[in-house]
Amino acid sequence: MYHEITAKDRNKKRRRRLQIIVAIVVCAVALVLVSNSVREGAREQGAAALRQSILSAAMRCCAIEGSYPLSLKRLEDDYGIRINHDDYIITYEAYASNMPPSVVVVPR
């Protein structure tokens, strides 16, 4: 039995294909947006964890030696802090050896 494809049938198929393509594009865009949001959140958490580990190492140094370290390099060399300088910008300011340092960590 022969079934003739009418213009109405062709339009239905085109509309259906267009709906599928639009749905796929919308899903892809949503996936990219969610991925970027998760990545940014992970970078912020990494910065917070790095700041906390730097402050902990400074406190440890003060407890052991009686004074806070005056440079971040000293914490890296003597207290095992590993910093990825490519991913984070770190500002370490020590005003005096008896005052805790000011530490700011910003993801790049």
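This report walks through the helices, cysteines and salt bridges of one predicted model.

**The first helix**

Start with α1. This helix covers residues 7-65. It holds 59 residues and reaches 87 Å from its first C-alpha to its last. That span is close to the 87 Å expected at 1.5 Å a residue. After α1 comes G66. The phi of G66 is positive, near 90°.

Which residues of α1 are buried? They are A47, L50, I54, L55, A57, A58 and C61. Other elements help to cover them. The cover includes the helix α2 (72-78) and the strands β1 (88-93) and β2 (102-107).

Now look at the surface. I21, V25, V29 and L33 make a nonpolar patch there. Its area is about 370 Å². V29 belongs to α1. This residue is partly exposed, with a relative accessible area of 45%. Patch residues need over 30% relative accessible area, so V29, at 45%, clears that cut-off.

**Two cysteines, no bond**

C61 and C62 invite a check for a disulfide. How many disulfides does the count give? The count comes to zero. Why is C61 not bonded to C62? The closest cysteine sulfur to that of C61 is in C62, 7.3 Å away, and this is too far for a bond. A disulfide needs the two sulfur atoms within 2.5 Å. Seen from C62, the closest cysteine sulfur is the one in C61, again at 7.3 Å.

The two cysteines also have their own levels of exposure. C61 has 0% relative accessibility, so it counts as buried. C62 has a relative accessible area of 22%, so it is partly exposed. The cut-off that matters here is 20%, because buried means under 20% relative accessible area.

**Salt bridges**

How many salt bridges does a search of the whole structure find? The search finds three. The table lists each pair with the distance between its closest N and O atoms.

| Positive residue | Negative residue | Closest N and O atoms |
|---|---|---|
| R74 | E65 | 2.3 Å |
| R74 | D78 | 3.2 Å |
| K73 | D77 | 3.5 Å |

R74 forms a salt bridge with E65 and another with D78. E65, R74 and D78 are therefore linked in a network of salt bridges. E65 lies within the range of α1, residues 7-65. R74 and D78 both lie in α2. They sit four residues apart, about one turn of the helix.

K73 and D77 follow a like pattern. Both lie in α2, four residues apart, and that spacing is about one turn of the helix.

Are these residues buried or exposed? R74 is partly exposed, with a relative accessible area of 28%. E65 is partly exposed too, at 39% relative accessibility. K73 has a relative accessible area of 51%, so it counts as exposed. The cut-off for exposed is over 50%.

**A glycine in a loop**

Where is G80? This residue sits in the loop between α2 and β1. G80 is exposed, with a relative accessible area of 57%. Its C-alpha atom is 8.4 Å from the C-alpha atom of A57. Along the chain, G80 and A57 are 23 residues apart. A57 is one of the buried residues of α1.

Technical notes
Residues numbered from 1 in each chain as written. Predicted model: local features only at pLDDT ≥ 70, side-chain atom pairs only at ≥ 80, totals over all residues. Heavy atoms only, no water. Patch = residues over 30% accessible without salt bridge, like charges linked within 9 Å, V, L, I, M, F, W, Y side chains within 5 Å. Areas by Shrake-Rupley, 256 points an atom, 1.4 Å probe, with all protein chains shown as cover. Salt bridge = Lys/Arg side-chain N within 4 Å of Asp/Glu carboxyl O. Helix = DSSP H or I, 4+ residues; strand = E, 2+ residues; numbered from the N terminus. Buried < 20%, exposed > 50% of the residue type's maximum accessible area, 1.4 Å probe, protein only. Expected span 1.5 Å × (residues − 1). Contact = heavy atoms within 4.5 Å.
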